[in-house]
Each structure stands twice: as structure tokens, then as C-alpha cells.
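This briefing looks at how some of the strands in the structure shown below are paired and covered. The points are grouped by strand.

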Amino acid sequence: PNGDFSLGNQGWAQNGGVGGQVPATTFPTGGNPGGYGIVTPTGGWGILVGPALNPNNGSGPGWDLSLFGLTGGDSITVRWDSINLGVGNTGPTAGAVGGMKIEGWANNVSVGGSGDQFVSTIGTGATWESYSLSWTLPANAQQLVLVPLWAGGGNASTVGFDNIGVVPEPSTYALLALGAAGLGAHLVRR
């Protein structure tokens, strides 16, 4: 769902700053490859939120879990590429590449989230690298919201994000295979 930003900011909302300021978030071309999203903290913080509105019903945040072949309670891994773009690259977060927050939603209400999860930078952060975060969806989750995060701290760096995707954990695949085998056995008995 536009995790590679090839459709610009379609499906992504911007938020950040203190006192209602919005970060200077742009969606340039030429990323890793093609378009990519940028989070620039203004007033101390900045995020993207995807999707801004549920593409299936136009209300509330989140992609329907069925889009990814998921249901509430499934374990997932969110993978993305990130780079520190060097803007505002001072202080304790110099070179940091931000992180991700994962949220489960149901009926336009958050039913649980991972909290802000900042990742350890690979190398200096000056090149595109791949990162991941694993999490188990709340059992009552119906939608998934992904929140790419700035690098953290008051002098945080501008961070680029690209190729954001969701992958079911192997245990989820095993349950799907077990269910399919059980259905097949049931059909054979008929």
C-alpha cells in the first residue's frame, strides 16, 4: 500500500512538532529507488502515519488486516529501508535513522501499539539500509497503522523511509498451512 512511495504521499499523513507545527515532509523522487518519504522534525518531533484514512471505507486510520492476509493476534514483521539525510544532524541522535511504531485499530479506536521503537543504526546511517521490527497484533485488531518515526531528541536528524512492508511471521504461515491441511483432510473424508 504505497510503502515504496512511488505514488508520492498517497495514503500517508504528516504530523509533528510542538504547538501544531507540521514537519517539512516531502516525497521526492530518486530514493531507494524511486520515491521515498522524509520525516523532518519541527519543534522536536515528526512522523508519517500510514494510512491516513482506511482505503477500503475512507474513515479512521488503518489498512484492513485482510490486505496482508492477517487477522488479530497474528505476529508480523514490519520491514523498511531508512537513511539519515544529514539535515539537523547534531546532538545525541546524530546519524540515527529513526524507527517505527505499529498500531492495531478496531472501529476507529486504537486497541494496542508497539510504542515508539527506535532501531540501532547500521554503519553511519548515511546509506540506505534495511531495518525490521517484529510485533504481535492485538487479538481484536481489524486494521493496521504504521508510523515511521523521526530520529528522536530535540536536535533530531532528518530521516528518509522507503520500501515499508508487512510480512506475516513464520508461525502465522504455519497456522495457515495447518488450517489448509485440516480443511483438506475434512474434504477428503466427505
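**Strand pairing and burial**

Strand β5 (residues 75-84) and strand β11 (residues 159-168) pair in the antiparallel sense, with eight bridges between them. This is a predicted model, and the points below describe β5 with its partners and then β10 with its partners.

**β5 and its partners**

- Within the pairing of β5 and β11, R79 has G165 in β11 as its bridge partner.
- β5 is also joined to strand β9 (residues 129-136) by eight bridges, and these two strands run antiparallel.
- In that pairing with β9, the bridge partner of S75 is T136.
- β5 is mostly covered, since nine of its 10 residues are buried.

**Burial of β10**

- Strand β10 covers residues 143-149, and seven of its seven residues are buried.
- In a regular strand the side chains alternate between the two faces of the sheet.
- Both faces of β10 are covered, with Q143, V145, V147 and L149 buried on one side, and L144, L146 and P148 buried on the other.

**Partners of β10**

- Strand β6 (residues 99-106) runs antiparallel to β10 and is joined to it by seven bridges.
- I102 has L146 in β10 as its bridge partner, and L146 is among the buried residues of β10.
- Strand β4 (residues 63-64) also runs antiparallel to β10, and two bridges join these strands.
- W63 stands opposite L144 in β10, and L144 is buried on the side of β10 that also holds L146 and P148.

Technical notes: Residues numbered from 1 in each chain as written. Predicted model: local features only at pLDDT ≥ 70, side-chain atom pairs only at ≥ 80, totals over all residues. Heavy atoms only, no water. Buried < 20%, exposed > 50% of the residue type's maximum accessible area, 1.4 Å probe, protein only. Helix = DSSP H or I, 4+ residues; strand = E, 2+ residues; numbered from the N terminus. Pairing = 2+ DSSP bridges.
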